[in-house]
Amino acid sequence: MTRAATSPLLTVVLTAALALTGCAAGGGDPSATGADATAAPSSSAPPPATPTPTPEEAAELVGGGTEVFPGRRMVALYGRPGNPALGVLGEQDAEASAVRAKELAAQYEPFSEEPVVPAFEIIASTASAAPGPDGDYSEETPVEELRPFVETAAANGVYVVLDLQPGRQDFLSQARQYEELLRMPNVGLALDPEWRLAPDQVHLVQIGSVDAAEINATTEWLAGLTREHGLPQKVVVLHQFAESMITDRHLVDTSHPELALLLHADGHGTPQLKTGTWERLKAGLPEGMRLAWKNFYDEDTPTFTPEQTMALEPAPGSSPTSDPSACRGISRQEVGARVGAVDGERRRGERRSIDRLARWLVRGTGAEPGWDALVLEVLSVGRDVRAQVREVRGAGTRVHPVDPDRRLRRTLRRLQAAQADLVDGTWLSATLLVSVAGSRWERPVVELVLHHDDDPRPPVHAPHPVTAEDLRRHLAAHRRMGRKIPDWARERLAAAGLEVPER
């Protein structure tokens, strides 16, 4: 299924707990590419603008938090500012586009349990029929022309994805031209291989393509930029409607914890053609990559409604290869709560943090061999990080005080951020259990339980309570829906004369 040289309307759906989902016309020809992207809904209130980070607070995504998934969807208008022929984003100014994106996102709210963040997918470089002064068949919009749209989006709680149609230039070189904008916390990147040409090719004679090596070089650079500047996780969209567009897709690297990768199922046509493309593209999708759907307003016959879009299998924004909710519950007297098994499908970054903690628990606590279980109990609220280890041997339990060093604190913070979402925020305290069954020391069981709502009790060796200011810092850094803030937390903040940070 190919895309006509028209002005399509793109709808991209992003979810934090599910996956990014796209809808609308995605590509275009060298003279016209317009669309609008939709994501799943959030609460009825518009998402807050991206906060300006202070030296004490890390930068956050639009709507709060530092991880794209799970916990949110995004709905985006697609196009090039100032050019109505290239999509609906160019049909009005920046402020009016922000209003339109929010209205579009609201249409998806009844059909998703995830919060919805409105977004723009801005064509930063446009495929051109002429080679241009630099001979690359791509017209790059200057950063200063894009900045008003990007800044207006941030001020209105709208996420931005910069879309690249590089012609004969490679994706990495062109992405570097927009580094100034990509250093902003509300800006991600989209790569459209349809418009990536070989040295002897021109647009509309064939469909362009890219290999995994070029994609990986681009994402490695973007991950490094994100890490270097302490930015929240960035969305990376890969457009595709034909298998030939990404020649070795199974080799695309999805392991960067700084990035959330999404395959955007592009192309317009009848429902049968579009769902056929969807089925082909989801087969063999790399682990950790999510799916997005695109709706064309004019070229689809007919255009899917929000309800029809969200009824796809899997729902846009989901991964067809994993169930992020998969876990098994077990009960332990020593832990005193239901524990979710650490599932092999969790994000690699989260799993690495859990593995580091488990190795430290086994090797770094000085416990003599022969234990039945080691239990790490952690409290992490605001700047307050405390921990203790309980060593279980038969019916006896021994408590080891722990003074978390810098490395342990950093690992705990990363794990806490990785498990945040837009509804529940993240945990206040957690328990990590490493246990052995019989003599199977070579295969210990690692289990985790998270406490989002319990009044955090300090370890026995650090009896002073969590301060109201630390609680305020925690809720400000990992905002949750107002209904998810427990009464005890509201009462403690009110007693200290502090406002309650909430979504």
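This is a short talk on the fold, two helices, the aromatic pairs and a few backbone details of one protein chain.

Hi everyone, and thanks for having me. Before anything else, please keep in mind that this is a predicted model.

Let me start with the overall picture. The protein chain has 503 residues, and 58% of them are buried. Its secondary structure comes to 11 helices and 18 strands. If you take the contacts with a separation of 6 or more, 74% are between residues 24 or more positions apart. The accessible surface is about 20,000 Å², and carbon and sulfur atoms hold 50% of that.

Now to the helices, beginning with α5. This helix runs over residues 212-228. With 17 residues at 1.5 Å a residue, α5 should span 24 Å, and its end C-alpha atoms are indeed 24 Å apart. How many of the residues of α5 are buried? The count is 12 of the 17, so the helix is largely enclosed by the rest of the structure. Among the buried ones are E214, N216, T218 and T219, along with W221 and L222. They pack against the helices α3 and α4 and against the strands β8, β9 and β10. Just after α5 comes G230, which takes a positive phi of about 65°.

The second helix I'd like to show you is α6, residues 271-282. From first C-alpha to last, its 12 residues reach 16 Å, close to the 16 Å expected. Its buried residues are K274, T277, W278, L281 and K282. Where do the buried residues of α6 fall when you look down the axis? They stay within an arc of 120°, so they line one face of the helix. The cover over that face includes β9, β10 and β11. As for what follows α6, there is G284, with a positive phi near 70°.

Let's stay with α6 a moment longer and bring in the rings. The structure holds 3 aromatic pairs. One of them is F120 with F149, a tilted pair at 5.8 Å centre to centre and 55° between the planes. F120 sits in strand β5 and F149 in helix α2, 29 residues apart, and the pair links these distant parts of the chain. Both partners are buried: F120 has 0% relative accessibility, and F149 has 9%.

Another pair takes us back to α6. W278 and W293 meet edge-to-face, with 5.3 Å between centres and 75° between planes. Since W278 belongs to helix α6 and W293 to strand β11, the pair ties together parts that are 15 residues apart in sequence. W278 is buried at a relative accessible area of 1%, and W293 is buried too, at 2%. There is also a third ring here: ring pairs link W278, W293 and F304 into a cluster.

For those of you who like cation geometry, W293 has one more neighbour. The charged end of K274 sits over the ring of W293, 5.0 Å from its centre. So we have K274 and W278, both buried residues of α6, with K274 over the W293 ring and W278 paired edge-to-face with W293. Elsewhere, K294 lies over the face of Y78, at 5.4 Å from the ring centre.

On to the backbone. Most residues other than glycine have a negative phi. Which residues here have a positive phi although they are not glycines? Two to look at are Y137, at about 55°, and L204, at about 75°. Y137 is in the loop between β5 and β6, while L204 is in the loop between β8 and α5. Are they buried or exposed? Y137 is buried, with a relative accessible area of 12%, whereas L204 counts as exposed at 55%.

Last stop: G65. This glycine is in the loop between β3 and β4, and at 9% relative accessibility G65 counts as buried. Leaving out residues up to four places away in sequence, G65 touches E60, P232 and A477. G65 and A418 are 353 residues apart in sequence, yet their C-alpha atoms are 9.3 Å apart in space.

That's my tour, and I'm happy to take questions.

Methods. Residues are numbered from 1 along each chain as its sequence is written. This is a predicted model: local features need pLDDT of at least 70, side-chain atom pairs count only at pLDDT 80 or more; totals for chains, interfaces and linings use all residues. Side-chain values use heavy atoms; hydrogens and water are left out. Helices (H or I, at least four residues) and strands (E, at least two) are DSSP runs, numbered from the N terminus. Buried means under 20% relative accessible area, exposed over 50%, partly exposed in between (1.4 Å probe, protein chains only). Contact means heavy atoms within 4.5 Å. Accessible areas come from the Shrake-Rupley method with a 1.4 Å probe; for residues, only the protein chains shown count as cover. The expected span of a helix is 1.5 Å times one less than its number of residues. The arc is that of the directions from the helix axis to the C-beta atoms. Rings of Phe, Tyr and Trp (its six-membered ring) pair if their centres lie within 6.5 Å; planes under 30 degrees apart count as stacked, over 60 as edge-to-face and the rest as tilted. A charge sits over a ring if NZ of Lys or CZ of Arg is within 6 Å of the ring centre and within 35 degrees of the ring normal.
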